[in-house]
Amino acid sequence: MHFLKKYTPFYLLGILYVVLNFILRLVLLFHPITQTGFKWYETIKLFVLGLVSDVLVYVIASAVLWLYLLFLSNGKYQKPWGGLLFALFLSLLVYVSFFNTILNEYGGPLPMIGISFIALKTVLFGLLLFLPRWRATIRLVLYSLTLFIFVVVMLQSIISEWFFWNEFGVRYNFIAVDYLVYTNTVIGNIMESYPVVPLFTGVGIAACLITYSIVKRTLPFLNNLPSFSDKIKNLGVYLALFLLGLLLLPLLSKQEVSPNVFVNELQANGFYRFYQAYSNSELDYDQFYKTLPEKEAFAILKKQIPSIEGNTTIREITADSAEIHKNVVLITIESLSADFLTTYGNEQNLTPFLDALSKKSLLFSNLYAVGNRTVRGLESVTMCVPPTAGESVVKRKDNKDKFTTGGIFKQKGYTVNYLYGGDAYFDNMEDFFGGNHYGIVDKKSFHSNEISFSNVWGVCDEDMAKKAIQLMNSEAQSKRPFFNHWMTVSNHRPFTYPDGKIDIDAHSKSREGGVKYTDYALQQFFAMAEKQPWLKNTVFVIVADHCASSAGKTELPLDNYRIPGMIYAPGFVKPAVHSAMISQIDLMPTLFGLLHFKYKSKFYGQDVFNADYHPRALIATYQDLGLIKDNVLTVISPRQKVKQFKLTQHNNAKLDSEFEIHYEQKPLSKERKDLVKATISYYQTASHLLKNKQLNQ
């Protein structure tokens, strides 16, 4: 086939990729961190199977290159096709520039990126169309630039793998995925840790030399492009290779079963390991974090949760009076940091309704979110577990039939539903909640006449509020109590909402507008709820899923984890401020305590009004796992790292201390080993129980 000949870029870039990976394996084999011996057959295996993996990964990953080569042609510039294609590009550019598109719906930098890309494509096509004398030169420049980008990506990925191995002694795993999420932090760390300028300069020079060599060798291909029929044949061959790669790569991955871990790691391909990490969304705790003997870890956990049985979190929850089967509505609010509320010192009047409601509720003034993503918040109020390393359980494959708050309500005869204004397919919510026996009410449940406004995230919170009232009116007719969990969407980029609802322009696309509109929508919801006969028999739990931002000077900045949370039930729950520190995972067990529920619990979360509750909070990113206790923040991280910070609350004359969210975090002068062990006990045992399915129903 034409594209597979030795003078084509597909062939030469493939040789480059294979050679670079061979050199990488050789270097890693003799790296000081690879502290093991290899038997002769292990060495042969890791290089042979590694070579096959590299070839298959290259075939799959080069799909973009293959498409680029397929569309290189002279025929598309001939009449009338050239003019028609140029008119199509111009029309598309006008459309994305002056009309409302999906890019505008999402907002942020996406519209500018989309417009810039289409404008560049239009200009380049126009130059090639209208300057036929210069077409060969322009194409050569663009061709060289394209190959340069591919070469740079290959070189940079190999160097990145070396640095990753140098730090962790493994191929890419979920930490590498995590690095993409926390780009600013990672870039800052790289800038401080390595000689970036010489490194990138060297990569640039090497990439230029390699690109020049490939371009020079492939000029016969560029000057004699294959015919249309040849391209069709080439495409057929490539698709066969592509499908073969998809079939064989998982099978090769299953051969990484050597008792020598380094053999498995060196045999693997870094790109494919990255894909696996992204797909599996887990980070093995025992491999990367400080550990304790299992018995000791559970013994320490028992000091926090005295009634647990053995190496589990199982315990009997009792009550001294009859259960109260009130309806429960749990509202998790998108990205509602505590500092948006006037109650916590905000002076913009963004949440007038919630501020007023907090005075009529049981307000938890010292409440911390467990994480910085919606799925973490959903996990915490549904499973009431610490935020284990890697991705939330919501997005993992093993996310069904878990021990959940919805399951407790089901045991008590409640109808149980999850309400979301967008498509619950997003973030795996539908799979998680459906797999844990919740009914799903999302955008797909709406008729067109029920939608007054929607954006890329779904229907506005007002529309969802009306749908929720309809659902609850229907549920009330069944004479069974109901539990409905509503996740709001409007306080999310692009921060668009219906006109004329609040005093912030609906077209400003500002975070402040998103917050204030969500507050307004909640006010409308409660105004409708007050007219319903079921209101007096209903408890409302209102809490943020996470804060608007998690970035800060330290790994886990406390002010970016502080969220509002309250329980509102006139005539049942007396208004009060509970100022003791609690975690998001404690909110629903505390509600169960107020309802006097009796059940066998597997939750890590506790009823904070029980005498055996000791104030603490758990906060985390994907890899930094923290415990706040005794005015100390303990953070455990991969490579068995531990950091501790002394917490000193800021003084604010305008606020009571329980509403001050800002703390100074100074490194602790002397390690608190008891708190280090307590932190390990939470996260190690949670990872162990999840891995062994002991937090299932």
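These entries record what I looked up in a predicted model.

**Entry 1: the sheet**

I began with the strands near the end of the numbering that I was following. Five strands make up an open sheet, and their order is β16-β17-β18-β19-β20. The pairing in this sheet is antiparallel. I then looked for the edges: these are β16, residues 617-620, and β20, residues 663-667, each of which pairs on one side only. From one strand to the next, the twist averages 25°.

I examined one pairing in detail. Strand β17, residues 625-629, pairs with β16 in the antiparallel sense over four bridges. Within that pairing, I found I619 opposite G626 of β17.

**Entry 2: the helix across the sheet**

Which strands does helix α24 lie across? I noted β16, β17, β18 (632-637) and β19 (641-649). The helix itself covers residues 673-691, and it runs at about 125° to β17.

I next turned to the packing of α24 against another helix. Helix α16, residues 294-304, packs with α24 at an angle of about 110°, and the two axes are 8 Å apart. I therefore entered α16 as roughly perpendicular to α24, since angles of 65 to 115 degrees count as such. The crossing of these two helices is left-handed.

For the contacts, I listed the residues on both sides. From α16 the residues are E294, E296, A297, F298, I300, L301 and Q304. They meet K677, A678, S681, Y682, Q684, T685, H688 and L689 of α24.

**Entry 3: salt bridges**

How many salt bridges does a search of the whole structure find? The search gives 26. I looked up three of them individually.

The pair K600 and E316 forms a salt bridge in which the closest N and O atoms are 3.7 Å apart. K600 belongs to strand β15 (residues 599-601) and E316 to strand β1 (residues 315-317), so this pair ties together parts that lie 284 residues apart in sequence. I recorded K600 as partly exposed, because its relative accessibility is 46%. E316 is likewise partly exposed, at a relative accessible area of 48%.

The pair R373 and D427 forms a salt bridge with its closest N and O atoms 2.9 Å apart. R373 sits in the loop between β4 (367-368) and α18 (374-382), and D427 in the loop between β5 (415-420) and α20 (429-435); the pair therefore ties together parts 54 residues apart in sequence. Is each partner buried or partly exposed? R373 is partly exposed, with a relative accessible area of 25%, whereas D427 counts as buried at 9% relative accessibility.

The pair E450 and K467 forms a salt bridge with the closest N and O atoms 3.1 Å apart. I placed E450 in the loop between β6 (439-441) and β7 (454-455), and K467 in helix α21 (residues 461-477), 17 residues apart. Both E450 and K467 are buried.

I also checked for shared partners. R373, E391, K395 and D427 are joined into one network by salt bridges that share partners.

**Entry 4: S361**

Finally, I looked up the surroundings of one serine. S361 is placed in the loop between α17 (352-358) and β3 (362-364). I entered S361 as buried because its relative accessible area is 1%, and the cut-off for buried is under 20%. What does S361 touch, not counting residues up to four places away in sequence? The contacts are M566, I567, Y568, K574, P575 and A576.

Conventions. Residues numbered from 1 in each chain as written. Predicted model: local features only at pLDDT ≥ 70, side-chain atom pairs only at ≥ 80, totals over all residues. Heavy atoms only, no water. Pairing = 2+ DSSP bridges. Axes fitted to C-alpha atoms, helices over the stretch in contact; angles between N-to-C directions. Contact = heavy atoms within 4.5 Å. Salt bridge = Lys/Arg side-chain N within 4 Å of Asp/Glu carboxyl O. Buried < 20%, exposed > 50% of the residue type's maximum accessible area, 1.4 Å probe, protein only. Parallel < 35°, antiparallel > 145°, perpendicular 65-115°, else oblique. Left-handed = near helix turned anticlockwise from the far one by under 90°.
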